[in-house]
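Got the viewer ready? Let's walk through this chain one selection at a time.

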Amino acid sequence: FTVLLANSTVTRRRGRVGLLPLLVAAIIALCWPLPFGVSMRGFVDCGASAIACFILWLFFSAPLSRLPLWRCISIGCLLALLFLFRRYWSFWIVAFGLFVVLDAAWEGWKSRGAGLQPLLRLLRRPLVIGGMAAATLLVFASPMVLRVLRTNYADVYAAYQFAGTAGWWDRVPQLVGGVIGVNGLVYTAAGLVSLGYLVVLPAYRRTGLALATLAVLPLLLFQQVQAPGLHHHLLWSTSLMLATAVAAVDGIARLQSTASRHAGRWAIAAVTGITLVAGSQWAAAIVPAAAPLRPWLLTGSGQLPLVRHDLAELDRLIEAIDSEAIARQGKVRIYCLASSATLNAGILAAYAPSRQKLFRASPMVAQTHDIDLRDGFPRPLITSNLLIVTDPVQVHQGTEHQQVIVVPNTQVLNGTGFGEAFQRLDWQFELAGGVKVYLYERVRPLTDSDLTALTEPLRQAYPDRPYVWTYRPPSRNR
């Protein structure tokens, strides 16, 4: 989609471009390290980035006033798909919608005096795009849309916000440092320069302004809710990558079109140079042996896949869980009281497909509630009879934001309060960093005092958030 967008954008200005400029666009897209790093960490967010590129390719295929209605309908459906695929891309959708409105306003201003009919035809395009997106979401995901509209994500994602910052200006250095860290200084600078290049040239100004809007506005909106993770950086870095590809294709096409008899050689030299720079940037970020080159190549942080060195012990843990499940004839409900990179419910869920090994008890592992304000009271914990407990407690966003893990884990380890209903089994495991893991089975039904011992510390931590500490069972049968 990067090649398609670059090709169609430059073709409208310079006519048909050859293979060499398009090769540059492909090299830039393939050698941009962030998408590769995101994919190697197990995120599917590059799919959202591809949908966004497809939307832009459709949108920039013609001026808004001449954009075919079937493309407007397709764009609306794709916007809905983008929201359903990765919800946080709604920030990108908002920025895109704002640009469509501004684009329509600008075209309407330029065609003022042409009469009412051209204006109505123009306004029909953004209305179709927005209406189709809204209709698709209402038909296929209206409960989800209502939940999103009712939720204060800046509140429930407070655990993910920037640490130690009092205001927006305090976050700027972290934002800038984060963008450079995941893209590298060379790629970040290339993206910003390319955006300026496109905005300055009248033929590319519409594309440049759109990509600038889609780079800046999602970043500003997103930081109001939380600090970005690695995959979140695709929201704005996709625009930097596209701008770089379009600018590079135009530059190579410009070299090829000059009257100089050495134009072809200069174009080949430029492509070779871009390939060497892009390849070295990718290698320094992705290839472990090239890590010493990062400071010299201004690559930023590495985007290497995460590696575990405790797989044998993790295998033992899975085998023990399976054996306990078999001993109970499958009548087991498992809950993992951990959410760190060392151990969490996601690791257990991904174990079988990742390791290509059998994990019979995987369907019996409940989804862990790990962030207090986001997930609320851990109801699956109450119905579980086999607990995975760690020492020390394993959290990923600080104990102050993860009391729904800290409180039960501590009580079970100490055999107090809620933990009095559980007994440690004869298993012990040691994962990376010296993290000890134990299995506990429930040996008696939970009593009201057990539940009070669990809920009272949560109530003290969040007195104004009953959903964090209130347990309302469907029945009294525990």
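Start with the whole chain in view. Of the contacts with a separation of 6 or more, 73% join residues that sit 24 or more positions apart. Keep in mind as you look around that this is a predicted model. The C-alpha atoms fill a box of roughly 85 × 55 × 45 Å along the principal axes. Switch to a cartoon view and you'll have 21 helices and 5 strands to look at. As for what is tucked away, 47% of the 478 residues are buried.

**Stop one: a pair of helices**

Select residues 90-110, which is helix α6, together with residues 205-222, which is helix α11. How far apart are the axes of α6 and α11? They lie 8 Å apart, and the two helices pack at an angle of about 140 degrees. Angles over 145 degrees would count as roughly antiparallel, so α6 and α11 are classed as oblique to each other. Their crossing is right-handed.

Now show side chains where the two helices touch. On the α6 side, pick F91, W92, V94, A95, F96, L98, F99 and D103. On the α11 side, the contact is made by R206, L209, A210, T213, L214, L217, P218, L221 and F222. Try colouring these by class: you'll get 14 nonpolar, 1 polar and 2 charged residues.

**Stop two: strand β5 and its partners**

Next, select residues 435-442, strand β5. Is β5 mostly covered or mostly open? It is mostly covered, with 6 of its 8 residues buried.

Add the partner strands one by one:

- β2, residues 386-391, pairs with β5 in the antiparallel sense over 6 bridges. To find a matching pair, look for D391 opposite K436.
- β3, residues 422-424, is also antiparallel to β5, over 3 bridges. Here Q423 stands opposite E441.
- β4, residues 429-431, makes an antiparallel pairing with β5 over 3 bridges. Look for F429 facing V437 across this pairing.

While you have these strands on screen, a general point to keep in mind: in a regular strand, side chains alternate between the two faces of the sheet.

Then zoom in on the turn of the hairpin formed by β4 and β5, where 3 residues lie between the strands. Click on G433 there: this glycine takes a positive phi near 75 degrees.

**Stop three: some unusual backbone spots**

Before the last few clicks, here's the background: most residues other than glycine have a negative phi, and most peptide bonds are trans.

Go back to D391 and look at its link to P392. What kind of peptide bond is it, cis or trans? It is cis, with omega near 0 degrees. P392 itself is in the loop between β2 and α19, the helix at 403-414.

Now jump to Q329, in the loop between α15 (311-327) and β1 (334-336). Q329 isn't a glycine, yet it has a positive phi of about 55 degrees. Turn on the surface and you'll find Q329 exposed, with a relative accessible area of 66%.

Finish at Q356, which is found in the loop between α16 (345-355) and α17 (372-375). Q356 has a positive phi of about 55 degrees too, although it is not a glycine. On the surface view, Q356 counts as exposed, at 68% relative accessibility.

Key:
Residues numbered from 1 in each chain as written. Predicted model: local features only at pLDDT ≥ 70, side-chain atom pairs only at ≥ 80, totals over all residues. Heavy atoms only, no water. Buried < 20%, exposed > 50% of the residue type's maximum accessible area, 1.4 Å probe, protein only. Helix = DSSP H or I, 4+ residues; strand = E, 2+ residues; numbered from the N terminus. Pairing = 2+ DSSP bridges. Axes fitted to C-alpha atoms, helices over the stretch in contact; angles between N-to-C directions. Parallel < 35°, antiparallel > 145°, perpendicular 65-115°, else oblique. Left-handed = near helix turned anticlockwise from the far one by under 90°. Contact = heavy atoms within 4.5 Å. Nonpolar A, V, L, I, M, F, W, Y, C, P; charged D, E, K, R; others polar.
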